Amino acid sequence: MKRKLEIYREKIINYWTSRSKAQKGMFAGLIFLFLFLIIAGSFLAGQTKMVPLYNNLSLQEVGQIKTELDARGVSYELENGGTTLRVPTEQVDSLLVDLAAQGIPNSGSIDYSFFSENASWGVTDNEFEVMKLDAMQTELANLMKSINGIDEASVMINKPEDPVFVSDQTQEASASIVINTQPGYQLEDSQIKSLYHLVSKTVPNLPTDNIVIMNQNFEYFDLNDSNSFANGDSYTAQQGIKQNIEKDLQRRIQQMIGTMIGGDKVIASVTADIDFTQENRIEELIEPVDEENMEGLPVSIERITEAYTGANAAAAAEAGVGDEEVPNYPADAEAGDGDYEMVKESINNEFNRIHREIVESDYKIRDLGIQIAVDNTKETDADEVEYLTQQEQLEVEEGIASILNSIVTTSIDKSYGEVVPEEKTSIVFQEFNGRQAPTDMAVPTIPVWIYVIGGLLVLAIIVLIIALRKRNNKEEEVEFVAEETEQQINTIPDIEEKADTEGTVRRKQLEKMAKDKPEDFAKLLRSWIADD
């Protein structure tokens, strides 16, 4: 057994010494990787996976759960400032059921379930009113936390005392609410309205005007203007709209004029006067159907025709309708023979009746001011500076003016009167001392040091490849020499044996007889022993 171990040991040593350094390094790396995987797997398998049991707890609730877990001997971890409690994953389900059966966590606030669990005859009216108010505040806070974007809510309700006499006027209640919104979450109008109506409909005699809602950042939510938290934010929103309009116009002007004369040769500045007055009006209009003739659409026509021929024809006519008669005065009864005819026509026309409810935009561009600065220098091959001639400046100014006139005419609202574009624009030709091309039109260039570093890296890679190839050639040569040495060792001639003597021949015969005919060999031995 010991001999076999020695043989195996020599084989392993010979195999290891015959390997190259790269192969030895690879074997050592594989061994270390295998050991590392075994150790890491055993370490991870021995660790306990922790999962959240409760999130967003109050300190009072965390204390209750922590006391119960300590009594049970359950390991736990606290995170997020003590508001999140983590326990082993295999115990989370059983702990949720057991803690819920014990009423844990309990925030300590009173809800409507308190009255059914603690009903007794020893509660006074004042104590009952306090508990009822506290329960109402708790239930309202729980309802608000169910709205998206709200993590926590605190409600404070002020209810006046009931009047003693019927003649006394009932006082209105008031409410103050503080909500903790999620970071970056913006409450929508419908959510703000739901908060106001939720509180107003829950508390008796509480109008929405007596409700104040704010978040943890002291930003107020107004029911009438829910898009802004306060007047300051309304001003900020208006300034944001004004700046967006100015930036949009400036970008368009810069792009159009820069395409004509070059982006680095023009600078545009825009100032806008915005009217944020919002108007709602109702118009009742009556317009003719035929606007050209100013006539309506006939609905009903009444035509009366009378004719008479004979004596006293004029008497049948209307009073005072003769050529020489006084209006509304009876005509002369004595008249000669003649003819009488009257045609009377009544037409009822219908016109277009238009009812319009118009809501004007909440902002309009009342006025614009556009300033354009143009570089009056030319780009030449020489170092000398050349300037635009008067004719060239005039041509550039006419092209810019046509663009600005179109922009000003279409941007300013027509309700503020006639727009004169020439009064809203200003074009100045001046040499630019420190000009800077716009970033969106700049052509990126690669610094020289990047090329240098790239060349060095390529050179290092080439040298490394050459060194690796030389190393591989040397290893091949060493292996080839080792193979030749082994072949030489294997081809060494055997030691010449001496010629067989008579004794060696007899010994070989006996060995062959013992191997082929053991029974005869045994008889021969017995006979030799008997002779001795």
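**Entry 1: the mixed sheet**

I began with an open sheet of three strands, which run in the order β4-β5-β6 with mixed pairing. I noted the edges next: β4 (150-158) and β6 (211-215) each have a single partner strand, so one side of each is left without a neighbour in the sheet. I should add here that I am working from a predicted model. From one strand to the next, I find a twist that averages 15°.

I then looked up how β5 meets β6. Strand β5 covers residues 174-181, runs parallel to β6 and is joined to β6 by five bridges. As a landmark, I wrote down that Ile179 stands opposite Asn215 in β6.

Which helices lie across these strands? I found α6 (residues 125-145) across β4 and β5, with a direction at about 150° to β4. I also found α7 (residues 189-202), which lies across β4, β5 and β6 and runs at about 135° to β6.

**Entry 2: a residue after α7**

I followed the chain into the loop between α7 and β6, where Asn205 sits. Asn205 is not a glycine, yet I read a positive phi of about 55° for it. Is Asn205 buried or exposed? Neither label fits: I have Asn205 at a relative accessible area of 39%, so I list this residue as partly exposed, between the 20% limit for buried and the 50% limit for exposed.

**Entry 3: the antiparallel sheet**

Next I turned to another open sheet of three strands, ordered β1-β3-β2, and its pairing is antiparallel. I marked β1 (50-54) and β2 (77-79) as the edge strands, each pairing on one side only. The twist I noted here averages 40° from one strand to the next.

How many bridges pair β2 with β3? I count three, in the antiparallel sense, with β3 covering residues 84-88. In this ladder, I found Thr84 of β3 as the bridge partner of Glu79.

I also looked for what packs on this sheet. Helix α3 (residues 59-72) does, and I see it touching β1, β2 and β3. The direction of α3 makes about 20° with that of β3.

**Entry 4: the helix pair α12 and α13**

For a pair of packed helices, I want the angle between the axes and the distance between them. I looked up both for α12 (residues 502-516) and α13 (residues 518-531): their axes come within 5 Å and cross at roughly 125°. That angle makes α12 oblique to α13.

Which residues make the contact? From α12 I listed Leu510, Met513, Ala514, Lys515 and Asp516. From α13 I listed Pro518, Asp520, Phe521, Leu524 and Trp528. Sorting the residues of this contact, I get seven nonpolar, three charged and no polar ones.

**Entry 5: the chain as a whole**

I kept the totals for last. I have 13 helices and 15 strands in the chain. Of the 532 residues, 20% are buried. For the accessible surface of the chain I noted about 39800 Å², and carbon and sulfur atoms hold 53% of that area. Finally, I checked the contacts with a separation of 6 or more: residues 24 or more positions apart account for 69% of them.

Conventions:
Residues numbered from 1 in each chain as written. Predicted model: local features only at pLDDT ≥ 70, side-chain atom pairs only at ≥ 80, totals over all residues. Heavy atoms only, no water. Helix = DSSP H or I, 4+ residues; strand = E, 2+ residues; numbered from the N terminus. Buried < 20%, exposed > 50% of the residue type's maximum accessible area, 1.4 Å probe, protein only. Contact = heavy atoms within 4.5 Å. Areas by Shrake-Rupley, 256 points an atom, 1.4 Å probe, with all protein chains shown as cover. Axes fitted to C-alpha atoms, helices over the stretch in contact; angles between N-to-C directions. Parallel < 35°, antiparallel > 145°, perpendicular 65-115°, else oblique. Nonpolar A, V, L, I, M, F, W, Y, C, P; charged D, E, K, R; others polar. Pairing = 2+ DSSP bridges.
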